[in-house]
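Trainee: I would like to learn how the labels on this structure are earned. Could we go through them together?
Mentor: Gladly; let us put it on the screen.

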Amino acid sequence: MLSSNFTARFGEVIVRSGIASIPDAVFSFQKELGLSVGECWFVAQILRFKWTTELPRPSLRKMAEYTGVSERTLHNYKNSLIEKGYLRVISRTNERGGQIANYYDFTGLFEKIISLLKIKEDRNINNIIGE
């Protein structure tokens with residue numbers, strides 16, 4: 001659970017309705033990752049569904065309904081992230097073979113973030129030791 005400072009400041013109602021875990025590095029390395037504002041927003045929207053050990057699996061159709069962003073725009077963000085190697089979409093079907101919401105795997109994005117964080121750490125260490 002989030003710290004009591006957050007709850008004290010913003011209230012139990014907000015905490016009860018859910019808080020999304022989104023790595024700060026998605027935003028702080030936006031330029032280095034080559035992500036547009038829309039792509040960052042899309043990543044955040046998808047990650048807000050990550051509450052179990054399973055990959056997130058939101059429906060883009062439903063996302064379009066509650067965000068007001070067209071389904072075409074959502075698919076454009078998704079396709080751009082796939083082209084950059086940051087997202088892998090895994091198709092899912094129900095027991096009758098019908099399409100259901102896909103899994104969204106951001107392993108490529110997180111691996112790139114980890115490499116950027118390591119570079120940043122190395123620079124900080126070198127600055128500390130005077131290299």
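Mentor: First, a definition: a salt bridge is a side-chain nitrogen of Lys or Arg within 4 Å of a carboxyl oxygen of Asp or Glu. Lys and Arg count as positive and Asp and Glu as negative, while His and the chain ends are not counted. This is a predicted model, where local features need pLDDT of at least 70, side-chain atom pairs count only at pLDDT 80 or more, and totals for chains, interfaces and linings use all residues. Residues are numbered from 1 along each chain as its sequence is written, and side-chain values use heavy atoms, with hydrogens and water left out.

Trainee: How do you know that Arg-92 has no salt bridge?
Mentor: Set the distance against the cut-off: Glu-54, the nearest side chain of opposite charge, is 5.5 Å away, and a salt bridge needs a nitrogen within 4 Å of a carboxyl oxygen. Arg-92 is nevertheless buried, that is, under 20% relative accessible area (exposed is over 50%, partly exposed in between; 1.4 Å probe, protein chains only).

Trainee: What lies 2.7 Å from a polar atom of the Arg-92 side chain?
Mentor: The backbone oxygen of Ala-101 does. Arg-92 sits in strand E1 (residues 88-93); strands (E, at least two residues) and helices (H or I, at least four) are DSSP runs, numbered from the N terminus.

Trainee: Why is Ser-70 called partly exposed?
Mentor: Its relative accessibility is 35%, and partly exposed is the class between 20% and 50%. Ser-70 belongs to the loop between helix H6 (60-67) and H7.

Trainee: What makes the pair of Ser-70 and Thr-73 side chains a polar contact?
Mentor: They are 2.9 Å apart, and a polar contact is a pair of N or O atoms within 3.5 Å; within protein, one must be able to donate a hydrogen and the other to accept it, and residues adjacent in sequence count only if both atoms are side-chain atoms.

Trainee: Why is helix H5 (residues 37-47) described as largely enclosed?
Mentor: Because nine of its 11 residues are buried. Among them are Cys-40, Phe-42 and Leu-47.

Trainee: Why are H5 and H7 called roughly perpendicular?
Mentor: Their axes cross at roughly 95° and come within 10 Å, and angles of 65 to 115 degrees count as roughly perpendicular (under 35 roughly parallel, over 145 roughly antiparallel, the rest oblique). The residues making the contact (heavy atoms within 4.5 Å) include Trp-41 of H5 and Tyr-77 of H7.

Note on methods. Axes fitted to C-alpha atoms, helices over the stretch in contact; angles between N-to-C directions.
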